[in-house]
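Visitor: Before we discuss any assignment, please show me the model, and then explain the terms as we come to them.

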Amino acid sequence: MKNIASIFLISILLTFKAFGSGIGLSSLTKSDFKKVNEEFAANKKHTAVSAASLLADDKKFEVSLIIGSSQSHTLGELSKAQDSSNDNAQSIPYVGLMGIMTLPKDLNAELLVLPVTHAYGFASGQLSGALKWSPKKYFDLPLNVAAKAFGGFSQNK
Amino acid sequence: MSSANVDVTSNQITYGLDVQFSKKFLMVEPYLNLGAIQTHGTIKNTGSAPIFDSSFSSSNEESTTISGLTYAVGAELDAWLMKVGVEYGQVYRNSFMKAKISTQF
């Protein structure tokens, strides 16, 4: 757990460093505005990076460090329009801490947390959750199948 | 996100539903997620310089609601006490790549 927490903090600093000084927004058109919202939403889409199967019967919790990035062509173009040498905003970095817990009734609860963290002129935060249910016990299926309802709030500043 | 006269905050509330399919082969479980997603996004500028062009009614805060389909493919490697996963997907035609390292207890 301590190792995951340490890697989490280092990941935040490393991922924000290149991105933070790179964003520039001005003269947003309605099309740009929609695309920028889509790019931030794609970056913060709730995922546990997990397969359809639930946690094993002898496991109650899973704790994960999730890192990644997402495309941000519009943010990149807008930032480059302000500073032609700026290529830092072509993708948005991502980092989050995920906890998964076994619940009764063949459910798993997921909670993803990125406390609003300020570093290198950029701040990002997310709180999202999901309930995942698998009918595997009730049907003899050749595949693991699950349905997951998710929702959350995120902020970039 | 800020520069000389711009201080921008972007907030998003997102919710949706995924259907997941996977099959485990020894220690590896590849998977496919298909889903629908909706986002309510707001961008607010508290700086003195406007960030929106003249087509907007406000120069300081605008909101929009967008919805679409999403998919992801990935794989989990179950190495006893530790799991490692990678995932590639698209949301609103924007691709993302995420990786995880996890422990279970």
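Guide: Angles under 35 degrees count as roughly parallel, over 145 as roughly antiparallel, 65 to 115 as roughly perpendicular and the rest as oblique. Axes are lines fitted to C-alpha atoms, for helices over the stretch in contact, and angles run from 0 to 180 degrees between N-to-C directions. This is a predicted model, in which local features need pLDDT of at least 70 and side-chain atom pairs count only at pLDDT 80 or more, while totals for chains, interfaces and linings use all residues. Residues are numbered from 1 along each chain as its sequence is written, and chains are lettered from A and ligands numbered from 1 in the order in which they are written.

Visitor: Why are α2(A) and α3(A) called oblique to each other?

Guide: The axes of α2(A) and α3(A) (residues 73–82) cross at roughly 125° and come within 8 Å. That angle belongs to none of the parallel, antiparallel or perpendicular ranges, and the two helices are therefore oblique.

Visitor: Which residues make the contact between α2(A) and α3(A)?

Guide: From α2(A) come D32(A), K35(A), V36(A) and E39(A), and from α3(A) come T74(A), L75(A) and L78(A). Contact requires C-beta atoms, placed from the backbone, within 7 Å. By class, this set has 3 nonpolar, 1 polar and 3 charged residues; Ala, Val, Leu, Ile, Met, Phe, Trp, Tyr, Cys and Pro count as nonpolar, Asp, Glu, Lys and Arg as charged, and the others, Gly among them, as polar.

Visitor: What makes up the side of chain A that touches chain B?

Guide: In total, 57 residues of chain A are in contact with 54 residues of chain B. The elements giving two or more residues to that side of chain A are α2 (30–43), β1 (61–71) and β5 (144–156). The largest share, 13 residues, comes from β5(A). The residues of this side divide into 26 nonpolar, 21 polar and 10 charged.

Visitor: How do you know that β1(A) pairs with β6 of chain B?

Guide: Pairing requires at least two DSSP bridges between the strands. Here 9 bridges join β1(A) to β6(B) (residues 94–104), and the strands run antiparallel. V63(A), for example, stands opposite T103(B).

Visitor: What makes β3 and β4 of chain B a pair?

Guide: These strands, residues 28–45 and 61–79, are joined by 17 bridges and run antiparallel. One bridge partner pair is K44(B) with E61(B).

Visitor: What share of chain A counts as buried?

Guide: Of its 157 residues, 45% are buried, meaning that 20 or more other C-beta atoms lie within 10 Å of the residue's own.

Terms used: Contact = placed C-beta atoms within 7 Å. Helix = DSSP H or I, 4+ residues; strand = E, 2+ residues; numbered from the N terminus. Buried ≥ 20, exposed ≤ 12 C-beta atoms within 10 Å, placed from the backbone.
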